[in-house]
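Student: Could you walk me through this one before I set anything up with it? I would like to go through the chains, the contact between them and a few local details.

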Amino acid sequence: MQSTELREKAVSLDRKRRRRAYVTVLVLAAALAAGYVLCISLGSARIPVAEVWAAFFGRADWATEMIVVDMRAPRVLCAACVGAALSVGGLAMQAIFRNPMASPSVLGISSGASFGAAFYIAYGASVFFSSWGTLACAFGTAMASMLLVYALAYQRAGGVQTTMLLLAGMALSALFSGFTSMIEFFSDADTVTSIVFWMLGSFDGRGWSDFYLMILPLIAGCVLIAVNARALNLMTAGEPKARALGVNVKRVRLMVLVGSSVLVATCVSFCGVIGFVGLIIPHIFRSIVGPDHKKLVPICILGGAVFLMLVDTFARSALPPYELPVGTVTSVIGAPFFLWILRSRKNEIWRS
Amino acid sequence: MAVLNVDGVSFSHGSRKILNDLTFTASKGEVVGILGQNGSGKTTLLNCINAEYRPQKGSVKLIDFSKESADPRHMNSGSLDVRDMSEHERSRILATVEQDSHMNFPFSVMEVVKMGRYSRAGMLDENTDAETDIVCSAMESTGVLEFSDRDVSELSGGEWRRVMIAQALAQEPEILLLDEPTLHLDINHQFDLMDLCRKIVSERDILIVIVTHDLQLAARYCDRIIVMKDGEIVSMGTARDVITEKMISGVFGMRARVEYDEEIQGMSVFLIGRSRCENDQR
């Protein structure tokens with residue numbers, strides 16, 4: 001029968017899409033494992049892969065072991081975690097806002113977090129010093145700015161307005177940058193240097209203690225988004241439609257907004273502003289495996305991790321003896337790369 | 001057996017009154033048409049039924065719905081206000097196809113139809129044979145199976161409409177609400193769609209409520225028709241009773257010839273021209 005043939009064709013095409021996602025996950029997982037070892041071996045002091053391996057099992061000399069286990073291993077791991085978190089955070093916000101431009105930096109969340117961190121570095125650190133202090137301040141302001149942007153862009157009929165969203169994000173971004181500049185203006189040179197350096201975004205000096213501190217909120221944020229992966233697909237059809245299909249829109253929206261705020265705020269407070277990762281990684285993988293968030297969440301976690309790990313390695317080994325701040329490299333490489341993708345694959349990625 | 005009970009529903013948007021004290025019931029196994037001109041409040045009524053809007057007065061109740069669709073806590077209640085149901089529960093009983101919906105992201109047709117299974121299938125058993133079968137049957141009945149792998153953002157208006165109806169069928173609802181389902185469709189697809197509605201009603205014994213301004217299709221395919229004007233019900237009953245030359249002239253301002261046609265076994269409407277022109281002359 002013709003109808004059974006059609007069914008089989010439809011089912012096999014759908015299966016093909018899923019198979020492509022599985023293959024992508026496998027390739028990325030392999031790239032992550034291989035990239036991790038490679039990124040540890042590369043750098044100002046080059047360490048052969050065999051010795052990296054030996055150092056992990058305590059069979060290398062003292063100096064190598066210190067570089068590998070105490071310095072590079074946690075640093076590369078932090079870069080991978082932040083890359084994963086920023087990508088998933090961006091992915092979730094693009095779905096919630098139904099807009100491919102949504103990302104932490106465009107929506108003013110990064111400037112909000114920067115303001116919080118600058119405020120703490122300038123005034124809070126002398127009162128109550130703790131590495132949780134910057135995190136708490138950055139997180140609080142990031143959360144506040146996200147809610148503010150969302151509230152400003154929300155209209156009863158039609159949900160979130162794209163234009164309002166971007167304009168509100170830009171305005172809040174400017175507002176928080178203004179506050180940050182004011183803090184810098186009234187601070188002494190040392191404080192300004194540490195604020196500016198913090199804002200450039202860097203993994204310099206990130207160790208195991210940082211990793212242990214950031215991993216829990218990052219896992220929590222990813223879980224909040226991952227459990228709603230299927231609902232996010234429906235949210236891209238608009239909130240009334242999602243409701244009609246059985247999604248508890250209020251709960252999903254809250255969980256995902258809190259999840260991505262936690263992710264972004266954690267990343268920003270640990271390693272400063274790293275732009276564009278949340279924008280380009282979801283775009284690249286959406287063009288490869290399609291917009292299904294059940295596939296995109298794991299793929300963005302792996303892909304973002306691989307991407308930022310490699311970019312960070314490039315940043316610290318491209319111009320020795322300098323270590324470029326990774327935030328500048330993601331913007332300098334990321335922005336043209338993003339434009340190139342938009343120009344060359346615009347028909348496959350996005351239409352509205 | 002009543003299924004849908006709209007009881008004294010009034011709705012206003014700010015100071016503008018859109019619905020004024022509407023009351024009617026509709027049962028399983030029938031196609032009910034809500035007929036009226038633009039701005040008569042048809043779509044607002046639909047949004048009150050599917051709980052997207054909250055009416056200021058009155059209530060919309062579902063009566064004698066199947067127990068397996070309801071939440072456990074509602075198992076024993078005979079009638080339920082749509083506003084008291086969770087989204088999850090409501091979506092298993094009520095499906096809505098809106099007039100204008102669009103997808104920003106390039107999902108495939110099959111992925112979009114699968115979304116209709118959200119409240120029926122868990123994340124893990126989404127791709128079992130039984131699930132795939134339901135999704136394929138829904139796509140087949142609206143004729144979108146041929147292009148199941150196409151990117152939905154490339155579809156024409158009519159194709160997209162048929163995908164949305166397939167999605168609603170995949171929900172396996174007991175009440176299907178269609179807002180102007182024939183808009184943007186070719187003549188042949190309009191008739192296919194209405195034939196499909198009749199087929200679904202007789203096969204699955206569900207209620208279909210169609211909001212439309214298309215007199216001919218409503219007259220021909222609906223069992224019962226509710227005519228609305230300025231937020232009020234002006235006439236209600238079988239197509240044969242409601243579709244009259246007088247009603248068409250009063251509500252639509254059109255002169256028409258209406259007769260029972262043996263061949264189509266329904267009312268046929270022939271529109272002649274504006275009737276107000278003669279009355280309203282300045």
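Tutor: We can take the overall picture, then the contact, and then some individual elements, keeping in mind throughout that this is a predicted model.

Student: What ipTM and pTM does the predictor give the complex?

Tutor: The predictor gives an ipTM of 0.86 and a pTM of 0.86 for the complex.

Student: And what pLDDT does chain B average?

Tutor: Chain B averages a pLDDT of 86, and 95% of its residues score at least 70. As a general caution, where pLDDT is low, the predicted coordinates should not be read in detail.

Student: OK, chain A then. How many helices and strands has it?

Tutor: Chain A has 14 helices and two strands. Its radius of gyration is 21 Å, close to the 20 Å that the globule rule gives for 352 residues, so chain A is as compact as a globular protein of that length. The C-alpha trace of chain A spans about 70 × 50 × 35 Å along its principal axes, and 50% of the 352 residues count as buried.

Student: What share of the contacts in chain A join residues at least 24 apart?

Tutor: Taking the contacts in chain A between residues at least 6 apart in sequence, 77% join residues at least 24 apart.

Student: Same questions for chain B: how many helices and strands?

Tutor: Chain B comes to ten helices and twelve strands. The globule rule gives 19 Å for 282 residues and the radius of gyration of chain B is 19 Å, so this chain is as compact as a globular protein of that length. Along the principal axes its C-alpha trace spans about 65 × 40 × 40 Å, buried residues make up 45% of the 282 residues, and residues 24 or more positions apart account for 64% of the contacts with a separation of 6 or more.

Student: Now the contact. How many residues does each chain put in?

Tutor: The contact takes 31 residues from chain B and 28 residues from chain A. On the side of chain B that touches chain A, the elements giving two or more residues are helix H2 (87-93), helix H3 (109-114) and helix H4 (129-141) of chain B.

Student: Which of them gives the most?

Tutor: H4(B) gives the most to that side, with four residues. By class, the side of chain B that touches chain A has eleven nonpolar, 13 polar and seven charged residues.

Student: Switching topic: is H12(A) largely enclosed or open?

Tutor: Ten of the 13 residues of H12(A) are buried, so the helix is largely enclosed by the rest of the structure. Among the buried residues are Val277(A), Pro282(A), His283(A) and Arg286(A).

Student: How far apart are its end C-alpha atoms?

Tutor: The end C-alpha atoms of helix H12 (residues 277-289) of chain A are 18 Å apart, which agrees with the 18 Å that its 13 residues should span at 1.5 Å a residue. Just after H12(A), Gly290(A) takes a positive phi of about 90°.

Student: Which residues other than glycine have a positive phi?

Tutor: Two to look at are Ala51(B), whose phi is near 70°, and Glu172(B), whose phi is near 50°. In general, most residues other than glycine have a negative phi.

Student: Where does each lie, and is each buried or partly exposed?

Tutor: Ala51(B) lies in the loop between helix H1 (42-49) and strand S4 (57-63) of chain B, and it counts as buried because it has 20 C-beta neighbours inside 10 Å. Glu172(B) is found in the loop between helix H5 (157-170) and strand S7 (175-179) of chain B; with 19 C-beta neighbours inside 10 Å, Glu172(B) counts as partly exposed, since the cut-off for buried is 20 or more.

Student: You mentioned S7(B). Which strand does it run parallel to?

Tutor: S7(B) runs parallel to S6(B), and four bridges join the two. Val97(B) has Leu178(B) in S7(B) as its bridge partner. Both faces of strand S6 (residues 94-97) of chain B are covered, with Leu94(B) and Thr96(B) buried on one side and Ala95(B) and Val97(B) buried on the other.

Student: Last one: in what sense do S11(B) and S12(B) pair?

Tutor: Strand S11 (residues 254-261) and strand S12 (residues 266-274) of chain B pair in the antiparallel sense over eight bridges, and Arg274(B) in S12(B) is the bridge partner of Met254(B). The two strands form a hairpin with four residues between them, and Gln265(B) in the turn has a positive phi of about 50°.

Methods
Residues are numbered from 1 along each chain as its sequence is written. Chains are lettered from A and ligands numbered from 1 in the order in which they are written. This is a predicted model: local features need pLDDT of at least 70, side-chain atom pairs count only at pLDDT 80 or more; totals for chains, interfaces and linings use all residues. Two residues are in contact if their C-beta atoms, placed from the backbone, lie within 7 Å. Ala, Val, Leu, Ile, Met, Phe, Trp, Tyr, Cys and Pro count as nonpolar, Asp, Glu, Lys and Arg as charged, and the others, Gly among them, as polar. The expected span of a helix is 1.5 Å times one less than its number of residues. A residue is buried if 20 or more other C-beta atoms lie within 10 Å of its own, exposed if 12 or fewer, and partly exposed in between; C-beta atoms are placed from the backbone. The radius of gyration is taken over C-alpha atoms; the globule rule is 2.2 Å times the number of residues to the power 0.38. pLDDT is the predictor's confidence in each residue, from 0 to 100. Two strands pair if DSSP finds at least two bridges between them.
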